[in-house]
Amino acid sequence: IILSLASAGLYFLLKPKETLDQSKYDLYEQLQQHELREGYLIFVTKPGVWGDIAQGFSGRDSRYGHIGLIAKSQDGTWTVINAAGDPIDPEGSVREENLKNFMASATKVGIFELKLDTDQTKKMIHRARFYVEAKYQFNSQFILGQTNSFYCTELIWVLIKEVTSND
């Protein structure tokens, strides 16, 4: 799943910023020591069967099993917009959640910067919030091209495509 960003020809847009590992100390506290910006991508490893499956889909680079888009709420709180759910739970959706909550069970975190200009970043966040407000569902079948649902990397891929016109 994660490598789909690279295999879609979009890898050139990613610039690694940080990789954090739980072996040091609390990941959220580690992240607070780094400068975050809206539009950064956050990759995480989370324990559990679905996290293991998602990491397995990632092919050669199986460090991460989930991805989201970092944004700021109106009150200045860091949030993550992501498509999340359990393939057997119909309650999954595209959602915006507090960064600390998003990272709560993560054992590894990677932060990547997209090489987008300020207007593209704003448009990407605006579009992501549209999908949240329109109540797009989690694509539990992992089939590209569903009209009202996304899985995590599909959401990011669609957003990048929408702001860069790259397919």
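Helix 5 is followed by K135, whose phi is positive, near 60 degrees. Keep in mind that you're working with a predicted model.

**Exercise 1.** Work out where K135 sits and whether K135 is buried or exposed.

*Solution.* Start with the backbone: K135 isn't a glycine, yet its phi is positive, at about 60 degrees. Next, place the residue: K135 belongs to the loop between helix 5 (118-133) and strand 7 (137-138). Last, check the surface: K135 has 62% relative accessibility, and the cut-off for exposed is over 50%, so K135 counts as exposed.

**Exercise 2.** Check the span of helix 5 against what its residue count predicts.

*Solution.* Helix 5 has 16 residues, and at 1.5 Å a residue they should span 22 Å. The expected span uses one less than the number of residues. Now look at the model: the end C-alpha atoms of helix 5 are 23 Å apart, which agrees. While you're at the N-terminal end, note the cap: a side-chain oxygen of D117 lies 3.1 Å from the backbone nitrogen of D119.

**Exercise 3.** Find which residues of helix 5 are buried, and say what they pack against.

*Solution.* The buried set includes T121, M124, I125, A128 and Y131. They cover an arc of only 115 degrees around the axis, so they sit on the same side of helix 5. On the other side, T118, D119, K122, H126 and E133 are exposed. As for partners, the buried residues pack against strand 3 (66-72), strand 4 (78-84), strand 5 (93-98), strand 6, strand 8 and helix 6 (152-164).

One of those partners, strand 6 (residues 108-114), is mostly covered itself, with six of its seven residues buried. Strand 6 also pairs with strand 2 (residues 41-45), antiparallel, over five bridges. Within that pairing, I42 stands opposite I111.

**Exercise 4.** Classify the ring pair Y131 and Y136.

*Solution.* For any pair of aromatic rings, you want the distance of the centres and the angle of the planes. The pairing cut-off is 6.5 Å between centres, and planes over 60 degrees apart count as edge-to-face. The model has six aromatic pairs by this rule. For Y131 and Y136 the centres are 4.7 Å apart and the planes are at 70 degrees, so the pair is edge-to-face. Both rings' residues are buried: Y131 has a relative accessible area of 4%, and Y136 has 16%. Finally, widen the view: F130, Y131, Y136 and F150 form one aromatic cluster.

**Exercise 5.** Locate S149 and list its contacts beyond four places in sequence.

*Solution.* S149 lies in strand 8 (residues 149-150). At 6% relative accessibility, S149 is buried. Its contacts, leaving aside neighbours within four places, are Y136, Q137, F138, N139 and E154.

Notes:
Residues are numbered from 1 along each chain as its sequence is written. This is a predicted model: local features need pLDDT of at least 70, side-chain atom pairs count only at pLDDT 80 or more; totals for chains, interfaces and linings use all residues. Side-chain values use heavy atoms; hydrogens and water are left out. Rings of Phe, Tyr and Trp (its six-membered ring) pair if their centres lie within 6.5 Å; planes under 30 degrees apart count as stacked, over 60 as edge-to-face and the rest as tilted. Buried means under 20% relative accessible area, exposed over 50%, partly exposed in between (1.4 Å probe, protein chains only). Helices (H or I, at least four residues) and strands (E, at least two) are DSSP runs, numbered from the N terminus. Contact means heavy atoms within 4.5 Å. Two strands pair if DSSP finds at least two bridges between them. The arc is that of the directions from the helix axis to the C-beta atoms. A polar contact is a pair of N or O atoms within 3.5 Å; within protein, one must be able to donate a hydrogen and the other to accept it, and residues adjacent in sequence count only if both atoms are side-chain atoms.
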